[in-house]
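Trainee: I am new to this structure and would be grateful for a close look at a single part of it. Please choose one helix, and explain how its surroundings are arranged.

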Amino acid sequence: LDRLQGDDALLPGGRYACALMMYNQKLLCLQGLSLGQVCHIVQLAVSQRKILGYSGGSMVPYSFSEEALKERCASRQWPFRN
């Protein structure tokens, strides 16, 4: 996911919408899972694993998220400017 850039890195903003898009893509890694299971995976990717995050209302790879930017600023003791 970190290799994606620009519009390619933008996923639908809500967890359900993101999971639905991934489910409809028929990704091999999600083959055989229900939509509910994919929703749960997206939830874990956001809340626990820091694989996905939010930026400007869209879901993005965590490294591009507002939370990651805040963490980088905090570690350098820089003010966060949105």
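Mentor: What follows is an account of one helix, α2, and of the parts around it.

The model is a predicted one. The protein chain averages a pLDDT of 87, and 88% of the residues score at least 70. There are 3 helices and 2 strands in the chain, and from the N terminus on, their order is α-α-β-β-α. Helix α2 covers residues 35-47 and has the highest mean pLDDT among the elements, 96, whereas β2 has the lowest, 89. Where pLDDT is low, the predicted coordinates should not be read in detail.

Let us begin with the helix itself. The 13 residues of α2 should span 18 Å at 1.5 Å a residue, and the end C-alpha atoms of α2 are 18 Å apart, so the two values agree. In α2 the buried residues are Val38, Cys39, Val42, Ala45 and Val46. Viewed down the axis of α2, these buried residues fall within an arc of 120°, and therefore they line one face of the helix. An α-helix has 3.6 residues a turn, so residues three or four places apart point the same way.

What covers that face? The cover over the buried residues of α2 includes α1 (15-24), β1 and β2. We may take these in turn.

Helix α1 has buried residues of its own, namely Cys18, Ala19 and Met22. Seen down the axis of α1, they fall within an arc of 95°, so they too line one face of their helix. These buried residues of α1 pack against α2, β1 and β2. Tyr23 also belongs to α1, but Tyr23 is partly exposed, because its relative accessible area is 32%, which lies between the limits of 20% for buried and 50% for exposed. If neighbours up to four places away in sequence are not counted, Tyr23 touches Leu33, Ser34, Leu35 and Val38. Of these contacts, Val38 is one of the buried residues of α2. Another of the buried residues of α2, Cys39, is 16 residues from Tyr23 in sequence, with 9.0 Å between the two C-alpha atoms. After α1 comes Lys26, which has a positive phi near 55°.

Between α2 and the strands there is a loop, and Lys50 is found in that loop, which leads from α2 to β1. Lys50 has a positive phi of about 55° although it is not a glycine. Most residues other than glycine have a negative phi. Lys50 is partly exposed, with a relative accessible area of 40%.

The strands come next. Strand β1 (residues 52-55) and strand β2 (residues 58-61) run antiparallel and are joined by 4 bridges. One of the pairings is that of Tyr54 with Met59 in β2. The two strands form a hairpin with 2 residues between them, and Gly56 in the turn has a positive phi of about 60°.

Two residues of β2 show how this strand is placed among its neighbours. Ser58 lies in β2, and Ser58 counts as buried because its relative accessibility of 18% is under the 20% limit. Apart from neighbours within four places in sequence, Ser58 is in contact with Leu10, Leu11, Gly13 and Gly53. Pro61 is also in β2, and with a relative accessibility of 1% Pro61 counts as buried. Pro61 and Leu11 are 50 residues apart in sequence, yet their C-alpha atoms are 8.8 Å apart in space.

These details can be set beside values for the chain as a whole. Of its 82 residues, 26% count as buried. Among contacts between residues at least 6 apart in sequence, 34% join residues at least 24 apart. The accessible surface of the chain comes to about 5900 Å², and 52% of that surface belongs to carbon and sulfur atoms.

To return to the request: the buried residues of α2 line one face of the helix, because they fall within an arc of 120°, and the cover over them includes α1, β1 and β2. The buried residues of α1, in turn, pack against α2 and both strands, β1 and β2.

Notes
Residues numbered from 1 in each chain as written. Predicted model: local features only at pLDDT ≥ 70, side-chain atom pairs only at ≥ 80, totals over all residues. Heavy atoms only, no water. Pairing = 2+ DSSP bridges. Buried < 20%, exposed > 50% of the residue type's maximum accessible area, 1.4 Å probe, protein only. Contact = heavy atoms within 4.5 Å. pLDDT = per-residue confidence, 0-100. Areas by Shrake-Rupley, 256 points an atom, 1.4 Å probe, with all protein chains shown as cover. Expected span 1.5 Å × (residues − 1). Arc of directions from axis to C-beta.
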